[in-house]
Amino acid sequence: MPISIHNRLCDICQSSTHLVHLPHYSLDEWEMVECLNCQYTFLANPPPYQELETTFAWEKTSQQSTSQRHSSTPIQAVVAQSSKKLRRSLFKRRKIRDLAIAHMPEQPGTIVDIGCMKGDTLIRFCKELRENHFNPTPIGIEISTELAQRADKKLKKIGGRCIHADALSALSSIAPSCSGLVIMSAYLEHEYQALAVLKQVSRVLKSDGIAVIKVPNFASWNRHIMGKRWCGFRYPDHVNYFTPKTLMKLCSQADLQSVRFSWRDRFPTSDNMYAVVAKAP
Ligand SMILES: [Zn+2]
């Protein structure tokens, strides 16, 4: 039986009394709750960080949930995977990069990628910026032991590094106001201290810096149609289930304001949504 953290409060309003259990979205020992005060949905008993380093490391749980979907709904899973591959090849996962380029400052300084995995995306992005005469210093943050070691080796070759730690400890070790860009791609839904992390993001951002966020959209039509079989559910590694409203409420609690979060970035036909935020003045 894995260890879990109980009595998690709502990260937006800090309430413990407005939480209702959602049995239809819970699985085994993993309890999903909704805060009736602010409609934030989250896992009440996420595993602690130590479990994410190895037992529930992303590379393991992601493989498990793909095979589970294949065995429970084989046709839908195959169709979903093929269409994901097609979308990836068409758009080459460029949305994060495009949003960053469009809104980041000319002198980005440090670029932080939280949940950088093997570091490949961060390295590719920094190389592209260097070809265009920018000189960013890349810092990856990764909690999975295996992925962090691989990322650190590669990032060191281009003058960066990977911090192997949870995001809150890692960000606390970074100097204030040094970063023009913080990337949080498919990360914030894994973070049970999301508000505390966003406050740290606000601290490390330069006054003209931005953070780009990609998270699953709990308000997507697909979630309503597929219910519990929605691809955004991952037990226990997805611990927050954001809608556009709850994502923005949480950011504003951390003094981060929206720079871009238009209908194109949170269209309900997509399982994901994208936001660009910056320090509130
Ligand atoms: Zn709440």
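C13 is partly exposed in this predicted model, because its relative accessibility of 28% lies in between the 20% limit for buried residues and the 50% limit for exposed ones. C10 has a relative accessibility of 0%, so C10 counts as buried, being under 20%. Both C35 and C38 are buried as well.

These four cysteines come together around a zinc ion. The SG atoms of C10, C13, C35 and C38 coordinate the metal, at 2.1 to 2.3 Å. Along the chain, the donor residues follow the spacing C-x2-C-x21-C-x2-C. A helpful way to read this pattern is as two pairs, C10 with C13 and C35 with C38, in which x2 stands between the partners of each pair and x21 between the pairs. The angles among the 4 donor atoms run from 100 to 123°, and the site is tetrahedral. For four tetrahedral donors, the ideal angle at a metal is 109.5 degrees. As for bonds between cysteine sulfur atoms, the count of disulfides comes to 0.

Attention now turns to an arginine elsewhere in the chain. R130 belongs to helix α5, which covers residues 120-131. With a relative accessible area of 31%, R130 is partly exposed, because this value falls in between 20% and 50%. Beyond its neighbours within four places in sequence, R130 is in contact with N135, P136, P138 and I158. One of these residues, P136, also takes part in a polar contact: the side chain of R130 reaches the backbone oxygen of P136 at 2.9 Å.

Conventions:
Residues numbered from 1 in each chain as written. Predicted model: local features only at pLDDT ≥ 70, side-chain atom pairs only at ≥ 80, totals over all residues. Heavy atoms only, no water. Donors = N, O, S within 2.8 Å, 3.2 Å for Na, K, Ca; no water. Tetrahedral: all angles 85-135°; square planar, octahedral: opposite > 155°, others 65-115°. Buried < 20%, exposed > 50% of the residue type's maximum accessible area, 1.4 Å probe, protein only. Helix = DSSP H or I, 4+ residues; strand = E, 2+ residues; numbered from the N terminus. Contact = heavy atoms within 4.5 Å. Polar contact = N/O pair within 3.5 Å; in protein donor to acceptor, adjacent residues only side chain to side chain. Disulfide = S-S within 2.5 Å.
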